[in-house]
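Colleague: Could you walk me through this model? I would like to go through the contacts, the sheets and the charged pairs.

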Amino acid sequence: MAKKAVRVILTAACLFLLGMGTVRAQDPTITSVCPAAGIVQRGSTFQPGGIILTAFDRAALWVYEVESGRRYPLPETAPCGHGCRLSPDFQWILYLNSDTHTFNRMRLNGTERRLVIESAIDVEWWGGSRFLVWTPGHHAYSFTEGMSDRVDYDVEGVTVVQPNGLWALRVSVNAVGDGFERALVRLDNPVIRIPLGVDLAYYNARAWSRDGDAFAYVAPLMGDDTQTAELFLIRPDQLDAQPMQITDLHSEYGDLRINGVSVGELSWSPDNRFIAYWVTPLSGADPTVDPLAVDTGLSTIHITEVATGATRSYCAFSTTENRPNPPRLIWSPDSTHLAFAGNVAGDDLGYFLLAMNVTTGEITRLSEGVYPALGQADAYVWGNYP
C-alpha cells in the first residue's frame with residue numbers, strides 16, 4: 001500500500017512539473033540479465049565487426065577494428081568525445097581537423113577526407129547530404145553538400161534539433177525566475193511549443209531517435225522526501241502529441257538518477273527500438289538540497305524497449321565512476337551490442353574497451369588501454385567501413 005501511495009505522489013508531481021493534462025504512465029516490467037560468464041576475453045575475431053573510434057592516448061583519435069582487434073591512430077585528428085558525428089548510414093564521421101580547425105568528413109578508417117565547412121563550432125548530419133551548422137555566434141543554418149541553398153534558423157536557447165525535422169529543444173528561465181524549464185519548439189514558428197517541465201542538472205538527459213520520429217528525455221519526479229527520475233517519450237509530429245512516461249524505475253530502486261550531468265547521453269539503438277542508459281540509485285537524507293552531495297550507489301546498464309516500456313537491467317558490469325558522468329554507451333550498427341570504456345573494479349589494469357551482447361548480457365573485453373583524453377575514458381562511435 002505504501003509503494004502505491006508513493007507512486008500516486010510521484011505521478012501527481014510529474015503532472016504538475018510537466019504542465020500536462022495527461023501522462024500515459026505505463027507499468028513496465030524490469031528483467032535482470034545476469035550471464036554466468038560475466039566479462040570474457042575476446043577471441044581471434046569478434047562479431048558484429050565494424051570500427052569503433054576511441055582514444056588510446058591524448059594526441060589523436062584511434063581506430064579499433066572490431067573483428068581483427070587491430071588499432072591505430074588517425075593523423076590530423078584529436079580525441080573528439082561528442083564532436084565525432086556518425087553519419088546516418090554509419091560509414092562516415094564529421095570531425096574537427098586539429099591542424100586547420102575546420103570541419104571535415106571521412107570514412108571511419110580515416111580515408112576519403114574532404115572539407116565540409118570552415119567556420120563553425122559544431123556540425124551535425126541533418127538527413128541525407130544535408131548538414132546543420134552551428135556558428136561561433138550561436139546562430140544555425142542548414143545546407144546541402146555541394147549546393148548554395150543555405151537556410152537560417154532562430155536557435156536562441158536551443159540545444160538540440162530534430163534529425164530530418166524542425167522541432168528543437170529550448171531551455172529558458174521559468175516564469176518566477178528561479179530555475180529553468182524545457183520545451184520543444186518549431187524552428188519555423190517558435191510560438192508552437194510543447195512544455196516538457198523543469199530542466200534540472202543530473203535529471204535532464206535527452207536524445208532524438210536516429211530517424212527523428214521520437215524524443216526521449218529524463219525528467220525528475222518529486223514528492224515528499226523524494227527526488228527520482230524516469231524516462232519519458234514524445235513524438236512531436238503526431239496529432240495531439242504529449243509526453244508518455246515509459247519507465248517505472250522508482251518502484252524497483254527507490255530514488256535514483258539516470259546517467260550524469262551531460263544532457264545528451266541517452267543512447268538510441270540504430271533500429272530505433274531501444275534506449276540504453278545508466279541507472280544509479282541514490283542514498284542520503286535530503287537529495288533535493290544538493291543533488292551533487294548525495295551518496296550514489298553502483299551504476300548499472302539498463303535498456304528500455306520503446307514500444308512496450310519493458311526494461312532489462314544488466315549485472316555483468318557496474319561502476320561507481322558516475323560523477324559527473326558514467327561511461328558513454330554506443331550501439332553496434334546492427335543493434336546487437338553496446339560498447340563502452342570500463343574500469344573493472346579490483347584489477348588495477350585501467351580502462352578496457354568492452355562490448356556487451358544486449359541479448360545475453362555477456363561482456364567481452366575487446367582491448368586494454370583506453371585513455372581518458374578528455375577527462376573521461378570513452379568509446380565515441382561504432383560504425384562500418386564499406
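Modeller: Happy to! Contact here means heavy atoms within 4.5 Å. This is a predicted model, in which local features need pLDDT of at least 70 and side-chain atom pairs count only at pLDDT 80 or more, while totals for chains, interfaces and linings use all residues. Residues are numbered from 1 along each chain as its sequence is written, and side-chain values use heavy atoms, with hydrogens and water left out.

Colleague: Which tryptophan does L233 touch, not counting residues up to four places away in sequence?

Modeller: With those neighbours set aside, the contacts of L233 include A214, F215, A216 and Y217. Q242, P243, M244 and I246 are also among them, as is V306. The tryptophan in the list is W268.

Colleague: Which element gives the most to the largest nonpolar core?

Modeller: A nonpolar core is a set of buried Ala, Val, Leu, Ile, Met, Phe, Trp, Tyr and Cys residues joined through side-chain atoms within 4.5 Å; buried means under 20% relative accessible area, exposed over 50%, and partly exposed in between (1.4 Å probe, protein chains only). The largest core has 22 residues, and L233, I258, L266, W268, I275 and Y277 touch the most other members. Strand 19 (215-223), strand 20 (226-234), strand 22 (256-258) and strand 24 (274-283) each give two or more residues. The element that gives the most, with four residues, is strand 24.

Colleague: How are strands defined here, and what is the average twist in the sheet 10-11-12-13?

Modeller: Strands (E, at least two residues) and helices (H or I, at least four residues) are DSSP runs numbered from the N terminus, and two strands pair if DSSP finds at least two bridges between them. This open sheet has antiparallel pairing, and strand 10 (122-125) and strand 13 (151-153) stand at its edges with a single partner strand each, so one side of each is left without a neighbour in the sheet. Taking axes as lines fitted to C-alpha atoms, with angles from 0 to 180 degrees between N-to-C directions, the twist from one strand to the next averages 25°.

Colleague: Which residue in strand 12 stands opposite V133?

Modeller: Strand 11 (residues 130-134) and strand 12 (residues 140-144) run antiparallel and are joined by five bridges. Opposite V133 stands Y141.

Colleague: Which residue in the turn between strand 26 and strand 27 has a positive phi?

Modeller: Strand 26 (residues 299-305) pairs with strand 27 over five bridges in the antiparallel sense, and T304 has T311 as its bridge partner. The two strands form a hairpin with five residues between them. The residue with a positive phi, about 85°, is G309.

Colleague: What is the N to O distance in the salt bridge of R85 and D122?

Modeller: A salt bridge is a side-chain nitrogen of Lys or Arg within 4 Å of a carboxyl oxygen of Asp or Glu, and the whole structure has twelve. R85, in strand 6 (residues 85-86), and D122, in strand 10, are 37 residues apart and link distant parts of the chain. R85 is partly exposed at 25% relative accessibility, whereas D122 is buried at 18%. Their N to O distance is 2.4 Å.

Colleague: Is R182 buried or exposed?

Modeller: R182 meets D199 in a salt bridge (4.0 Å, N to O). D199 is partly exposed, with a relative accessible area of 21%. At 3% relative accessibility, R182 counts as buried.
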